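The exercises below are meant to be worked through with the sequence and the coordinates open side by side. Try each task before reading its solution.

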Amino acid sequence: MMDDKHNSMSIVMYPWFAMGHLTAFLHLSNKLADGGHKIFFLLPTKTQAQLKQFNLYPHLINFIPLCVPQVEGLPPGAETTADITFHLQPNLRLAMDNTQPQIESILQEIKPQVVFFDFTHWLPKLARHLGIKSIFFITMSSATSGYTFRGEQTTDADLMK
């Protein structure tokens, strides 16, 4: 553990609402907390109970529950990909996009030095506006990332080239 508190950072984690992403971000959080850093982990309200047992540093890793906004087509109470079928994931992504006001308020209050994210494309611009560095932490292969995050005009044939 880091002895010099002046070198510790305040870090926010905001992963995609899927257990594989949430657990990967929590693993990274545990590593960073082991170095004495203070972590604020943003996650859906119900998910906190599922991850609590894997938080190795509860005195340094604080779970911040988020209210997942209701959007058309998303079943009531759905918070993660485990709550929905695959074809409803765009609705969950829209719900995450609609958390932007919550996230902005939290970032303004916490004032972290860094925020880690994966699927929230709008987060770097928001972080930059608030004077916070953002880090894109992706838990899937580069090929999968390229396919997932391709532009509207990118075709499958373009990707195969």
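**Exercise 1.** In this predicted model, which residues of helix α3 (residues 89–97) are buried? Work out how they are arranged around the axis and what they pack against.

*Solution.* Begin with accessibility, where buried means under 20% relative accessible area: in α3, Asn91, Leu92, Ala95 and Met96 are buried. Next, look down the axis of α3, where these buried residues fall within an arc of 145 degrees, so they line one face of the helix. Finally, follow their contacts, which show the buried residues of α3 packing against β1 (10–14) and α4.

**Exercise 2.** Describe the buried and the exposed side of α4.

*Solution.* The buried residues of α4 are Ile103, Ile106, Leu107 and Ile110. Because they cover an arc of only 100 degrees around the axis, they lie on the same side of α4. This fits the general rule that an α-helix has 3.6 residues a turn, so residues three or four places apart point the same way. The buried residues of α4 pack against β1, β2 (38–44), β3 (61–66), β4 and α5, whereas the face turned away from the buried side carries the exposed residues Pro101 and Glu109.

**Exercise 3.** Compare the settings of two loop residues, lysine 111 and threonine 120.

*Solution.* Lysine 111 lies in the loop between α4 (100–110) and β4, and its phi is positive, about 55 degrees, although it is not a glycine. Its relative accessibility is 60%, so lysine 111 counts as exposed. Threonine 120, in the loop between β4 (114–117) and α5 (123–129), counts as buried because its relative accessibility is 1%. Leaving aside residues up to four places away in sequence, threonine 120 touches Tyr14 and Met96.

Terms used
Residues numbered from 1 in each chain as written. Predicted model: local features only at pLDDT ≥ 70, side-chain atom pairs only at ≥ 80, totals over all residues. Heavy atoms only, no water. Helix = DSSP H or I, 4+ residues; strand = E, 2+ residues; numbered from the N terminus. Buried < 20%, exposed > 50% of the residue type's maximum accessible area, 1.4 Å probe, protein only. Contact = heavy atoms within 4.5 Å. Arc of directions from axis to C-beta.
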